[in-house]
Structure formats: structure tokens, C-alpha cells
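Visitor: I should like to learn how to read the features of a model such as this one. Where would you have me begin?

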Amino acid sequence: MPEDLPDYALTAREHWTRSNAEYTNARARQRWAQEHIHWGVWKNPESELRILPDLRGLEVIELGCGTAYFGAWLKKHGAARVVGVDITPAQLETARAMNEEFGLGLEFIEANAEDVPLSDGSFDLAFSEYGASIWCDPFKWIPEAARLLRPAGELVFMCNTDLVQVCSPDKERVSERLVLPLRGMHRLDWTSEGASTEFHIPTGTCSGCCGVLASRSSTAGSCTRARTPWTTPTTPTCRRSGPESGPPRRSGGPGRLSGSPGRMA
Ligand SMILES: C[S@@+](CC[C@H](N)C(=O)[O-])C[C@H]1O[C@@H](n2cnc3c(N)ncnc32)[C@H](O)[C@@H]1O
């Protein structure tokens, strides 16, 4: 059990303990059974978007893995090792039960994704689908992901778009009105479905954050996001630079919006 958790990690754990009892546990088996990878609430297929690197042989860490269905998909698509990190015991209990049932050999750690008890440079791919990418402070979890990556490792994550966040009042899900300022956006404290805190920083700031990361690595950094105008910036990929890293591998897929139009809760 991690000690000294920030207030938002404690409320997140309460939130996801409730959500596990209400729906995530019940939905887990169907998701684990799925063979293809899809993204976001519109379920856009990875086979069209091609956001992920070739997974064959990669060692992957999923930050905020939840019931770990996405980690299961990564393993089915060739990852050599998938380690799921989550702060909520109930979510990990479901993940472990599914892992046992499906025999995929994932590993799980109960920890804060901002402070993972694993060695530097242990993974080829750090990943988050609405996990740390929403529930953790980006100025903490993104540097932590960088620490965990090997040179030339990649960070791929999915979160909400700027537009969704500025149109999200506390009392409803997403409105048609701009209700929050984007400038300076960072911590969002919600009250309507019980206390919970999410994080969102504007896309430009996020690019800067990833850039700082890259420049902290041992050689000159590189960071990229999908560049085609129809490809959402909510699934950025950042590559930790190293001696062997060439130009970024993915710079836009065939082009379908993969962002979420609604807050994940
Ligand atoms: C939307 S779920 C992730 C869904 C996931 N992609 C899956 O396959 O089930 C968000 C998860 O983030 C976890 N989480 C929230 N704050 C966290 C933190 N500080 N460290 C680690 N996990 C955290 C929650 O416990 C929850 O299980």
C-alpha cells in the first residue's frame, strides 16, 4: 500500500472503488475477451489509426491500468511484458481475476503512477488510456513515465481534448457552451458525482512538458504528436530520445478522430 498519497489520489481511489462495484468489474470480462484494439468512446480501431508502435517484444508499463483490459490487448498484440500500475485495490482485484482467467501473464503493482517503485529505464513503452493521463498531475506522472523508459522508449497516452474540458461544467457532463478558461487549466476538482479531481493541461503546454522531458534524457530530445489536422491531439506519442532513435515513427494516422467527446468518470 503506497504511503503519503496526495489528496487527489485518495479521492481517486474512493471514486474507482465505487466505479468498480457499479460497473468496471462487470464489464471487464467482455473487454478482456476482445481481440482488436480500439480507442476512446467512439471505439475507433487501432488498425486504422496506427497510433501504437509495433508491439512485438516490447516491455510495457500501463500507468493507471484499471481493470487492465487495454494492457491485455497490448499483450495479445505481441507485447513481451505488460506491467499494470494502479492505486485502487478493487480495480487490481478485477484485473488479477481476469488475468488468471485469460492466462495472459500480466503483472500488477499497487502504486501511485506518479511514484512507481520500479527501476529507471525498465520499459520500451509507457502507456495510459484515461488512467494517469487524466487522474495524475502531468508535471509528475509524465516525468515519471520518462524515468521508467529506456532510451528511444515511447510514451503513448489518451486523455480528453481541450474542447471537451472547456465545455465541461461540474454539474453536467459536456455542454455546448464554453464554461471554463483553457488558459492556466491544470487541476479540475469535481463535486457532482462525489469528490474527484482530474488534471488537464492545454495541448500546447503538454507539448512543452513532453519537450522538457525529452531534453532531460541523455541526448537531444524529440517529441511528436500526430500532425494531420483530423487526428486528435489527445493521443500524443512522445519518444524519449537516445542514441539509436531516429525521426519519430508516427506522425498521423489515416485520420479518424479518436478523442473522447465526454468526460470519463
Ligand atoms: C478509467 S480507469 C483506466 C482504464 C484502463 N485503461 C483499463 O484498461 O481499465 C482510471 C484508473 O486510474 C487509476 N488511478 C487514478 N489515480 C491514480 C494514481 N494516482 N496512480 C495510479 N492509478 C491511478 C484509477 O484507480 C482507475 O483504475
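**Reading a helix, a ligand site and a loop**

Guide: Begin with helix 1, which bends by about 65° at N20. Please keep in mind throughout that this is a predicted model.

Visitor: Which residues of helix 1 are buried?

Guide: The general idea comes from helix geometry: an α-helix has 3.6 residues a turn, so residues three or four places apart point the same way. In this structure, the buried residues of helix 1 are Y8, A9, A12, R13, H15, W16, S19, N20, T24, A28 and W32. N20, the site of the bend, is thus itself among the buried positions.

Visitor: How should I read the surroundings of the ligand, and which residues come nearest?

Guide: One lists the shell of residues around the ligand and then looks for individual atom pairs. The shell holds 22 residues, of which D86, T88, N112, A113 and E129 come nearest. By character, it divides into twelve nonpolar, seven polar and three charged residues.

Visitor: Which atom pairs should I inspect?

Guide: Consider pairs of N or O atoms within 3.5 Å. A polar side-chain atom of E129 lies 2.6 Å from a nitrogen atom of the ligand. Two residues approach through the backbone: an N or O atom of I87 lies 3.3 Å from a ligand nitrogen, and one of A68 lies 3.5 Å from a ligand oxygen.

Visitor: How much of the ligand does the protein bury?

Guide: Compare the ligand alone with the ligand in place. Taken alone, the ligand exposes 600 Å², and the protein buries 98% of that. The elements giving two or more residues to the shell are helix 1 (7–33) and helix 3 (69–76).

Visitor: Where is Q34 placed, and why is it classed as buried?

Guide: Q34 belongs to the loop between helix 1 and strand 1 (38–39). A residue is called buried under 20% relative accessible area; Q34 is so classed because its value is 16%. The side chain of Q34 makes a polar contact with that of H38, at 3.1 Å. Leaving aside residues up to four places away in sequence, Q34 touches W73 and K76.

Visitor: What does the chain as a whole look like in these terms?

Guide: The chain has eight helices and ten strands, and buried residues make up 55% of its 265 residues. Among contacts with a separation of 6 or more, 68% join residues 24 or more positions apart. The chain exposes about 11,900 Å², with carbon and sulfur atoms supplying 53% of that area.

How values were computed:
Residues numbered from 1 in each chain as written. Predicted model: local features only at pLDDT ≥ 70, side-chain atom pairs only at ≥ 80, totals over all residues. Heavy atoms only, no water. Helix = DSSP H or I, 4+ residues; strand = E, 2+ residues; numbered from the N terminus. Buried < 20%, exposed > 50% of the residue type's maximum accessible area, 1.4 Å probe, protein only. Contact = heavy atoms within 4.5 Å. Areas by Shrake-Rupley, 256 points an atom, 1.4 Å probe, with all protein chains shown as cover. Near = heavy atom within 4 Å. Polar contact = N/O pair within 3.5 Å; in protein donor to acceptor, adjacent residues only side chain to side chain. Nonpolar A, V, L, I, M, F, W, Y, C, P; charged D, E, K, R; others polar. Bend = angle between axes of the 7 residues up to and from the residue.
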